[in-house]
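This report looks at how some helices of one protein chain pack against each other, and at the empty spaces left between its atoms. Please keep the sequence and the structure in view while reading.

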Amino acid sequence: MTKHTVAILGPGGTGGLLAALLSRAGNRVVCLARQATADTLRDTGIRVRSRRFGEFTAPVEADTELREPVDACVIAVKHTTLDAALTRVPSAVLGDALVVPLLNGVEHPAALRARYRPGQVAPAVIRVESTRLTPGLIEHGSDFVEVDLTGDTAARPRLEALAATLSGAGVTTRVLEDETTALWSKMSFLAPFALLTTRYGLPLGEIRTRHREELEALVAETTAVSRACGAPTDPARALARYDAFPPAAKSSMQRDAEAGRPLELDAIGGALLRAADRHGVPVPVAARLVRELRAAGH
Ligand SMILES: NC(=O)c1ccc[n+]([C@@H]2O[C@H](COP(=O)([O-])OP(=O)(O)OC[C@H]3O[C@@H](n4cnc5c(N)ncnc54)[C@H](OP(=O)(O)O)[C@@H]3O)[C@@H](O)[C@H]2O)c1
């Protein structure tokens, strides 16, 4: 199988896991990070503790910015630091590489296409639970890591080649035809989960019992916006998925709030409201929750 040279911007929970898996499978991996993190990664590599892959350490290269062309650059920072972090990936150095953002949300692909060539941007959706405990130490808590690669403007053979490399590293990877549907499917599931668990500081089990009406209303609003954006999703299926989750499940936005970290509220709640506004879809529950979270200082 072809080996790739992959840059990973933001070797945190998601980026660090992919960096370590790709390196372990024989690919060349260059992590792009702040100086202190880059120094640590160069010295220690990335250690992963995983329910799926066991415990292992993989060496990686690390730098504070991209200095040579690569095959693909995975963008694995949070929305809150995206603009600052992208200065580490100069368009002129990147060459023809695929740019593969893993971020939740629906607005970042347009921002990346404005900065790089549209044809090289291939947004991905990642399903995983993975946490960076310290620089270079990743805890992969889910027994899966799944990536859906999309990219309406990217060449399909290039997506297939990267998907093969990710699959070869142990990441369950699919190439999906329709970027809007891929991104909105994740958003439709995530937005109600994130907004409600964070607003009330409760795990999903209590949201779906104590705040059932609000959950159902929010799912209806979100699926209506998704449909208006060209990505039909089924509210009954979304509710069934919440009901199947373990009751103690928390959203990552909620965990960020508990830890006092900045929230991806604008990329998820804000983007939902902007899309609703563009398409004239009423979203009173989403609007109130976003307002209340912002009023609480998030
Ligand atoms: N973690 C998950 O399980 C998961 C699952 C699905 C989707 N997602 C989505 O994936 C995206 C990434 O989340 P994550 O959980 O992987 O984030 P994370 O663990 O917080 O990692 C982000 C990384 O970005 C680095 N960073 C921050 N500012 C930077 C800058 N200016 N330059 C370079 N690096 C910078 C941080 O390193 P330093 O602090 O050392 O700089 C950190 O390593 C988010 O949109 C999230 O919603 C995450």
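In this predicted model, the lining of the second largest pocket receives at least two residues from each of three helices, namely α3 (82-86), α5 (108-115) and α12 (265-279). Of these, α12 gives the largest share, with five residues. The second largest pocket holds about 210 Å³ of space, and among its 14 lining residues, those closest to the centre are His79, Leu82, Glu107, Asp266 and Ala267. The lining of this pocket is mixed in character, with six nonpolar, three polar and five charged residues.

**Helix α12 and its partners**

Two packed helices are described by the angle between their axes and the distance between those axes. Which residues of α7 and α12 meet where these two helices pack? On the side of α7 they are Trp184, Met187, Leu190, Ala191 and Leu195, and on the side of α12 they are Leu265, Ala267, Ile268, Gly269, Ala271, Leu272 and Ala275. This contact is made up of eleven nonpolar residues and one polar residue, with no charged residue taking part. Helix α7 (residues 179-200) packs against α12 at an angle of about 110°, with the two axes 10 Å apart. Angles of 65 to 115 degrees count as roughly perpendicular, and α7 and α12 are therefore roughly perpendicular to each other. Their crossing is left-handed.

Helix α12 also packs against helix α13 (residues 284-295), where the axes come within 9 Å and cross at roughly 145°. The residues in contact are Leu265, Asp266, Gly269, Gly270, Leu272 and Leu273 from α12, together with Ala286, Ala287, Val290, Leu293 and Arg294 from α13. Sorted by class, seven residues of this contact between α12 and α13 are nonpolar, two are polar and two are charged. The crossing of α12 and α13 is left-handed.

**A further contact of α13**

Helix α13 has a contact with helix α9 (residues 212-228) as well, and these two pack at an angle of about 110° with their axes 8 Å apart. That angle makes α9 roughly perpendicular to α13. Glu214, Ala217, Leu218 and Glu221 of α9 touch Pro284, Val285, Ala286, Arg288 and Leu289 of α13. In the contact of α9 with α13 there are six nonpolar and three charged residues, but no polar ones.

The table sets the classes of residue in the three helix contacts side by side.

| Contact | Nonpolar | Polar | Charged |
|---|---|---|---|
| α7 with α12 | eleven residues | one residue | no residues |
| α12 with α13 | seven residues | two residues | two residues |
| α9 with α13 | six residues | no residues | three residues |

**Enclosed spaces**

Rolling a probe the size of a water molecule over the atoms shows where empty space is left. In this model, the count comes to three cavities of 30 Å³ or more.

The largest cavity has a volume of about 50 Å³, and the residues that line it are Asn104, Leu190, Ala194, Ser252, Met253, Asp256, Glu264 and Ile268. Two helices, α7 and α11 (252-258), each give two or more residues to this lining, and the largest share, three residues, comes from α11. By class, the lining of the largest cavity has four nonpolar, two polar and two charged residues. Leu190 and Ile268, which belong to this lining, also take part in the contact between α7 and α12.

What lines the second largest cavity, which has about 40 Å³ of space? Its lining is formed by Leu18, Val74, Val100, Leu102, Val147, Leu162 and Leu166. These seven residues are nonpolar, and the lining of the second largest cavity has no polar and no charged residues.

Methods:
Residues numbered from 1 in each chain as written. Predicted model: local features only at pLDDT ≥ 70, side-chain atom pairs only at ≥ 80, totals over all residues. Heavy atoms only, no water. 1 Å grid on protein atoms, 1.4 Å probe; cavity = no way out; pocket = protein on both sides within 12 Å on 5 of 7 lines; lining within 4 Å. Points joined across faces, edges and corners; volume = space filled by probe spheres on them. Helix = DSSP H or I, 4+ residues; strand = E, 2+ residues; numbered from the N terminus. Nonpolar A, V, L, I, M, F, W, Y, C, P; charged D, E, K, R; others polar. Axes fitted to C-alpha atoms, helices over the stretch in contact; angles between N-to-C directions. Left-handed = near helix turned anticlockwise from the far one by under 90°. Contact = heavy atoms within 4.5 Å. Parallel < 35°, antiparallel > 145°, perpendicular 65-115°, else oblique.
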